[in-house]
Amino acid sequence: MQTKELMNLMRKHWLLSDVYIEIIIFIELGASLRATKLRLLSLTIDSKHLALDSGILALVIENGAQHVVHHGESLSFLSDFSSPSGICSFMHKRQQRYGKVFKSFVLGRFTVFMTGREASKILLTGKDGMVSLNLFYTGQQVLGPNSLLQANGETHKRLRRLIADPLSIDGLKKYFHFINTQAIETLDQWSGRRILFTLKVIGNMIMSLEPSGEEQEKFRANFKVISSSFSSLPFKIPGTAFYRGMKRYIIRITPYQCLAMRRSVKARDSMFAMLDSIIAKRRNGEVIQQDFLESLIIKHSKGTNTADDENKLTDKQMKDNILTLLVAGHDTTTAALTWLIKFLGENPAVLEQLREEHLQIKASRNVGTDLTWSEVNNMPYTNKVLSETLRRATILPWYSRKAAQDFEIDGYNIKKGWSVNLDVVSIHHDSETFPDPEKFDPSRFDAPLKAFSYLGFGSGPRMCPGMNLAKLEICIFIHHLVCKYKWRAVEKDDSVQPTLVRMPKNKYPVMVEPL
Ligand code: HEM
């Protein structure tokens, strides 16, 4: 059979991209690594992206069986991901070739990418338990087995119920004053590079951590290690935190990789020791606080007499989920704020309209009084600017699920266990819904959009539970920023950090001056 025919047949029946075929041919040939690689290159010469990408990382012989570790399309994926247009070009090239659903080998696993509103609906509503959330191995290790992100079905629903109250609009009211004070102080002392504001807010909200002092420093140092390990893309290159998921294929682990994993385990242990001590003090009445942790301890610790013990959280479950909220809530909000400041800097007309909204709010207030809760809940243009930021930046570019059963989508058969990813970047850059998609234009959100065409905070049972908190933090911060300051970028660099949460690579440093 001709190579081309074989490729078409496999693509049609098994949804295989050419990368898969390379591996099959490789195994069938059973030739030496070098010879096979040369053969593969000549076989795939007509396929542009494959010719660029073909390359075998390692051949491991394990108990007599051969395993091939292939970087597949990871290199293209990573380089497009870090480019100013993000993974859009990676997706577009393949969608043009294979259609709305295609399969590739990226970041250490075979992955199906899908786009479109129909795919969103099926994957995000998780109809009939067809899919579950699919964390990378590092995420699973860092957050622990009891994390909300690893829970499914009834356990997931129960955990969501537990966190719903403190993160609801009413539940957040009591943190308004703290967030407002932190925003003002952060801006007064802002060096223009790193925004520590979001970490202070979430640390205080969850466990009443003071915004400065020894405990805050220790917390911050541990958190930094944990979050960078969580958000690193699982690409096996020295210097990345990811390596254990690929362990069975790795012949030798570099000392640097060992060190990175050891550091994140140590940081997690140290964070948990800190939480153990806080929980113990709360339980014996030494310290009483009105925070998120307290509500979990009161309602759900074993040994209290509110409900039957089976329905309560163990300390392990509590700690894994506190860490989950810290990790899920910090990098995302920081990235959103950073992109927002960048887009405003690049779009003076939008900034002017936004500033007008905030100056009007300020002007209608008595002199000497500060921003109020009702004002922060009435900032329509700011909300559109935030939505447009989340659309344009798409800081979580794909939502990953694992097929819990075989199912069909758009005529393609998805098999149980496959990693299935919703390509949100393409949805957010669909020119039918968002004409001239590269343009930053908050007026796109003047009229309601069709369901599943904008997914800034996701949708369905896994929709972001921290959405109200993120909006609150951002609206407060932006209010003080645009009312009092102007800023300009220190350097021009549009590349993007290659992490799970998309962030400008240089963190968008700015020079800030009072207005
Ligand atoms: C601008 C900031 C934020 C953005 C853009 C954002 C975005 C998202 C998105 C898109 C999802 C769904 C992902 C999927 O379906 O696979 C999600 C889930 C989640 N977010 Fe957020 N988020 C933000 C802030 C926060 C905050 C502040 C918290 C916590 C306090 C938080 C906690 C979570 C958690 C725990 C989940 C998982 C929910 C589940 O699996 O049931 N996020 N977020």
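This report looks at the ligand shell, a pair of helices and one loop residue in a predicted model.

**Around the ligand**

Let's start with the ligand, which has 24 residues around it. Those that come nearest are Gly329, Tyr399, Gly458, Cys464 and Gly466. Sorted by class, the shell holds 15 nonpolar residues, seven polar ones and two charged ones. Two helices, α16 (315-346) and α21 (467-484), each contribute at least two residues to this shell. The biggest share comes from α16, which supplies seven residues.

**A helix pair**

Next, have a look at how α17 and α19 meet. In general, a pair of packed helices is described by the angle between the axes and the distance between them. Here is that description for this pair:

| Feature | α17 with α19 |
|---|---|
| Residue ranges | α17: residues 348-363; α19: residues 380-393 |
| Axis distance | within 8 Å |
| Crossing angle | roughly 145 degrees |
| Handedness | left-handed |

On the α17 side, the contact is made by Val350, Gln353, Leu354 and Glu357, which meet Tyr381, Thr382 and Val385 of α19. By class, the residues of this contact are four nonpolar, two polar and one charged.

**A loop residue**

Where does Asn378 lie? Asn378 sits in the loop between α18 (373-376) and α19. Is Asn378 buried, exposed or partly exposed? Asn378 has 13 other C-beta atoms within 10 Å, so it counts as partly exposed; a buried residue would need 20 or more, and an exposed one 12 or fewer. From Asn378 to Met318 the C-alpha to C-alpha separation is 34 Å, and the two residues are 60 residues apart in sequence.

Notes. Residues are numbered from 1 along each chain as its sequence is written. This is a predicted model: local features need pLDDT of at least 70, side-chain atom pairs count only at pLDDT 80 or more; totals for chains, interfaces and linings use all residues. A residue is near a molecule or strand if its C-beta atom, placed from the backbone, lies within 6 Å of it. Helices (H or I, at least four residues) and strands (E, at least two) are DSSP runs, numbered from the N terminus. Ala, Val, Leu, Ile, Met, Phe, Trp, Tyr, Cys and Pro count as nonpolar, Asp, Glu, Lys and Arg as charged, and the others, Gly among them, as polar. Axes are lines fitted to C-alpha atoms, for helices over the stretch in contact, and angles run from 0 to 180 degrees between N-to-C directions. A crossing is left-handed if the near helix is turned anticlockwise from the far one by less than a right angle, and right-handed if clockwise. Two residues are in contact if their C-beta atoms, placed from the backbone, lie within 7 Å.
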